[in-house]
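Open the model in your viewer and keep the selection tool at hand. The tour moves from stop to stop, saying what to select and what is there.

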Amino acid sequence: MSKDQPVLLVTGGSRGIGAAVARLGAQRGYAVAVNYVSDARAADSVVAAIRAGGGRAEAIQADCGKPAEIRRLFDETERRLGQVAALVNSAGRIGKASRFEDADIADVAATIDLNVTGLMAVTQEAIRRMSTRFGGGGGAIVNLSSAAATLGSSGEFVWYAASKAAIDIFTEGVAREVAADGIRVNAVQPGLILTDIHASAGAPERVERIAPNLPMQRAGTPEEVALPILWLLSDEASYTTGAILRVAAGR
Ligand code: NAP
């Protein structure tokens, strides 16, 4: 593949929805930076699969919850692949499922730090590099919100739902701010998707419990979220910015 390929940076690209975005992005012609925080093996396997398919990809470790690491993430992506034209903010955490009065406030803070402040810091760095205002070539950004942003996740993780509602209004506001600078910013709100995140919340049985009650009566696959994300990144969505797209089986 050519060195002139557009570069896609996927935070949290090693597993789940981010990994599906990385794989599909490579199929659609992007050179892909697969960011991860701790699971190097998972990131390497996404990179290996992309390379086996003839694509370009690099695994890049950085904690997106630590703003100081984010400039390095972009510098390394540029050095190894080129200027970032597309960004998917998929890195996220949920915390341990519980009623709010029982939640560990340090776990709540870590969730806000990554899902809100971290996502904003990554987006800020992307804007500074993409914006035509600063001589950049423009770009497209998609943020991973959640159906939780409007459902509230009572009894499970209301702080996570609140972090996702923050992402929604951030997406709408910043999209308007950079609309004239060649950058589109959109978000998707996935519903119940088959990834490790439910087990991370200490509730691996969640999917089986909730799926039958959804209008479509099933959970979704990471690929079913990656497809609309790749559309939002593409020129087919050239007039779409500040949109929040529900991908949640009718919920
Ligand atoms: P997942 O399977 O748990 O994967 C999480 C990914 O984020 C991993 O690649 C992980 O890297 C990375 N990550 C975690 N902390 C990070 C940090 N501090 N810095 C950089 N990367 C970090 O999650 P998922 O289910 O795919 O979720 C992806 C996004 O979709 C999240 O924002 C989530 O809130 C949202 N979402 C998920 C669902 C769902 O049902 N799954 C529904 C709605 C929204 P390592 O591999 O190194 O740990």
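**Stop 1: H1 against H9**

Select helix H1 (residues 16–27) and helix H9 (residues 222–233). The crossing of H1 and H9 is right-handed. This is a predicted model. The two helices pack at an angle of about 55°, and their axes are 8 Å apart. That angle makes H1 oblique to H9.

Now show the side chains between them. On the H1 side, the contact includes Gly 16, Ile 17, Ala 20, Val 21 and Leu 24. Among the residues they meet in H9 are Pro 222, Val 225, Ala 226, Ile 229 and Leu 230.

**Stop 2: the sheet**

Select the strands next. What is their order? They form an open sheet of 7 strands, ordered E3-E2-E1-E4-E5-E6-E7, with parallel pairing. Look at the edges: strand E3 (57–61) and strand E7 (244–247) stand there. Each has a single partner strand, so one side of each is left without a neighbour in the sheet. From one strand to the next, the twist averages 20°.

Keep H9 in view. H9 packs on this sheet, touching E1, E4, E5, E6 and E7. The direction of H9 makes about 165° with that of E6.

**Stop 3: strand E1**

Select strand E1 (7–11). How many of its residues are buried? The count is 5 of 5, and E1 is mostly covered. Colour the two faces separately. Val 7, Leu 9 and Thr 11 lie on one side, Leu 8 and Val 10 on the other, and all are buried.

Add strand E2 (residues 31–36). E1 and E2 pair in the parallel sense over 4 bridges. To find one of the partners, click Val 7: its bridge partner in E2 is Ala 31.

**Stop 4: E5 beside E6**

Move to strand E5 (residues 139–144) and strand E6 (residues 183–190). They run parallel and are joined by 6 bridges. Pick Asn 143 and look across to E6, where Ala 187 stands opposite.

Now bring in helix H4 (105–130). H4 packs on the sheet and touches E1, E4, E5 and E6. Its direction makes about 170° with that of E4.

**Stop 5: H4 against H6**

Leave H4 selected and add helix H6 (residues 158–178). At what angle do H4 and H6 pack? The angle is about 15°, with the axes 9 Å apart. H4 is therefore roughly parallel to H6. The crossing of H4 and H6 is right-handed.

Show the side chains where they meet. Among those in H4 are Val 108, Ile 112, Val 116, Leu 119, Met 120 and Ile 127. H6 meets them with residues including Trp 159, Tyr 160, Ile 167, Phe 170 and Val 174.

**Stop 6: the aromatic pairs**

Next, show the aromatic rings. There are 2 aromatic pairs. Start with Phe 100 and Trp 159: this pair is tilted, with 6.2 Å centre to centre and 40° between the planes. The pair links distant parts of the chain, 59 residues apart. Phe 100 sits in the loop between strand E4 (84–89) and H4, while Trp 159 is in H6.

Is each ring residue buried or exposed? Phe 100 is partly exposed, with a relative accessible area of 45%. Trp 159 counts as buried, at 4% relative accessibility.

Then select Phe 157 and Tyr 160. Their ring centres are 5.6 Å apart and their planes lie at 75°, so this pair is edge-to-face. Both Phe 157 and Tyr 160 are buried.

**Stop 7: the loop between H5 and H6**

Go to the loop between helix H5 (148–151) and H6, and select Ser 154. Ser 154 is exposed, with a relative accessible area of 65%. Try the distance tool from Ser 154 to Ala 43: they are 33 Å apart in space, C-alpha to C-alpha, and 111 residues apart in sequence.

Ser 153 is in this loop too, between H5 and H6. Ser 153 counts as buried, at 11% relative accessibility. Check its backbone: Ser 153 has a positive phi of about 55° although it is not a glycine.

**Stop 8: Gln 217**

For the last selection, pick Gln 217 in the loop between helix H8 (206–210) and H9. Gln 217 has a positive phi of about 60°, and it is not a glycine. Gln 217 is exposed, with a relative accessible area of 58%.

Technical notes
Residues numbered from 1 in each chain as written. Predicted model: local features only at pLDDT ≥ 70, side-chain atom pairs only at ≥ 80, totals over all residues. Heavy atoms only, no water. Phe/Tyr/Trp six-rings, centres within 6.5 Å; stacked < 30°, edge-to-face > 60°. Buried < 20%, exposed > 50% of the residue type's maximum accessible area, 1.4 Å probe, protein only. Pairing = 2+ DSSP bridges. Axes fitted to C-alpha atoms, helices over the stretch in contact; angles between N-to-C directions. Contact = heavy atoms within 4.5 Å. Parallel < 35°, antiparallel > 145°, perpendicular 65-115°, else oblique. Left-handed = near helix turned anticlockwise from the far one by under 90°.
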